[in-house]
Amino acid sequence: MELTPVQLGDGLARLVWESFTDYIESGPTPHGPRTDGDDATAGLIAEELLILFLWVHTRACQQAFAGRIDADVLKATLDAMHRAVFEDLEAHGTPRGHLPLLEQRVSARYAEYYDAADGDGGTVGELAARRVSGRHDVDPRFGAALAQAAMTAARPLRDYLDEVVIIA
């Protein structure tokens, strides 16, 4: 399948939102499994959860295209994904003035997640659990659930990206 960087970026943004909403609808909270009547975001910092899924999709894209495409084309694709997500946030009420702060937070979290993925500072699941819950001490099962959600999002994405040819 041939896609431009913008087309793929827009598609990746939709997948980020799907992963995010799937987790909001059915994933566990820091306090345990969701029960009927629970607030969908009870105990979750939604912005941090979104950043986690942005990173997962960014990382999967980087891994899928490593050595296959020019770095500038990959950057254009990822920039398009991030731009689409930020435009969605603004369209749904996030003040434009908050977006530069969010971009800074995304950059900082990405650095932390890359360090964790490389084996520095705990696992991605542990780090995500602390960030998404806003607490330092979290149930290890919550970290495992976030790690599982990340893998659930990344596996089919990698398969899909293996079939994509980016045309500039």
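Let's start where helix 2 and helix 4 pack together: their axes sit 10 Å apart and make an angle of about 60 degrees. Keep in mind that this is a predicted model. Angles of 65 to 115 degrees would count as roughly perpendicular, and this pair is therefore oblique. As for handedness, helix 2 passes helix 4 in a right-handed crossing.

Who does the touching? On the helix 2 side, the residues that meet helix 4 include Glu47, Ile51, Leu52, Trp55 and Gln62. Helix 4 answers with a set that includes Leu102, Arg105, Arg109, Tyr110, Tyr113 and Tyr114. So the list mixes charged side chains such as Glu48 and Arg59 with others such as Val106 and Ala117.

Now move over to helix 3, which runs over residues 71-91. From first C-alpha to last, this 21-residue helix reaches 30 Å, close to the 30 Å expected at 1.5 Å a residue. At its start, a side-chain oxygen of aspartate 70 comes to within 2.9 Å of the backbone nitrogen of aspartate 72. Just after its other end, glycine 93 takes a positive phi of about 110 degrees.

What do the buried residues of helix 3 pack against? Their partners are helix 1 (5-26), helix 2 (46-65), helix 4 (99-117) and strand 2 (165-166). Among the buried residues are Val73, Leu74, Thr77, Leu78 and Met81, and further along Val85, Phe86 and Leu89. It helps to recall that an α-helix has 3.6 residues a turn, so residues three or four places apart point the same way.

Arginine 83 also lies in helix 3, but it is partly exposed, with a relative accessible area of 46%. Its C-alpha is 30 Å from that of proline 30, and the two are 53 residues apart in sequence.

Compare that with aspartate 10, over in helix 1. The C-alpha atoms of aspartate 10 and alanine 80 are separated by 6.5 Å, though their positions lie 70 residues apart along the chain. Leaving aside neighbours within four places in sequence, aspartate 10 is in contact with Ala80 and Ala84, both of which are on the buried list for helix 3. Aspartate 10 itself is partly exposed, at 32% relative accessible area.

One last stop: serine 133, in helix 5 (residues 124-133). Is serine 133 buried or exposed? Its relative accessibility is 11%, so it counts as buried. A polar atom of the serine 133 side chain lies 3.5 Å from the backbone oxygen of arginine 130.

Note on methods
Residues are numbered from 1 along each chain as its sequence is written. This is a predicted model: local features need pLDDT of at least 70, side-chain atom pairs count only at pLDDT 80 or more; totals for chains, interfaces and linings use all residues. Side-chain values use heavy atoms; hydrogens and water are left out. Helices (H or I, at least four residues) and strands (E, at least two) are DSSP runs, numbered from the N terminus. Buried means under 20% relative accessible area, exposed over 50%, partly exposed in between (1.4 Å probe, protein chains only). A polar contact is a pair of N or O atoms within 3.5 Å; within protein, one must be able to donate a hydrogen and the other to accept it, and residues adjacent in sequence count only if both atoms are side-chain atoms. The expected span of a helix is 1.5 Å times one less than its number of residues. Contact means heavy atoms within 4.5 Å. Axes are lines fitted to C-alpha atoms, for helices over the stretch in contact, and angles run from 0 to 180 degrees between N-to-C directions. Angles under 35 degrees count as roughly parallel, over 145 as roughly antiparallel, 65 to 115 as roughly perpendicular and the rest as oblique. A crossing is left-handed if the near helix is turned anticlockwise from the far one by less than a right angle, and right-handed if clockwise.
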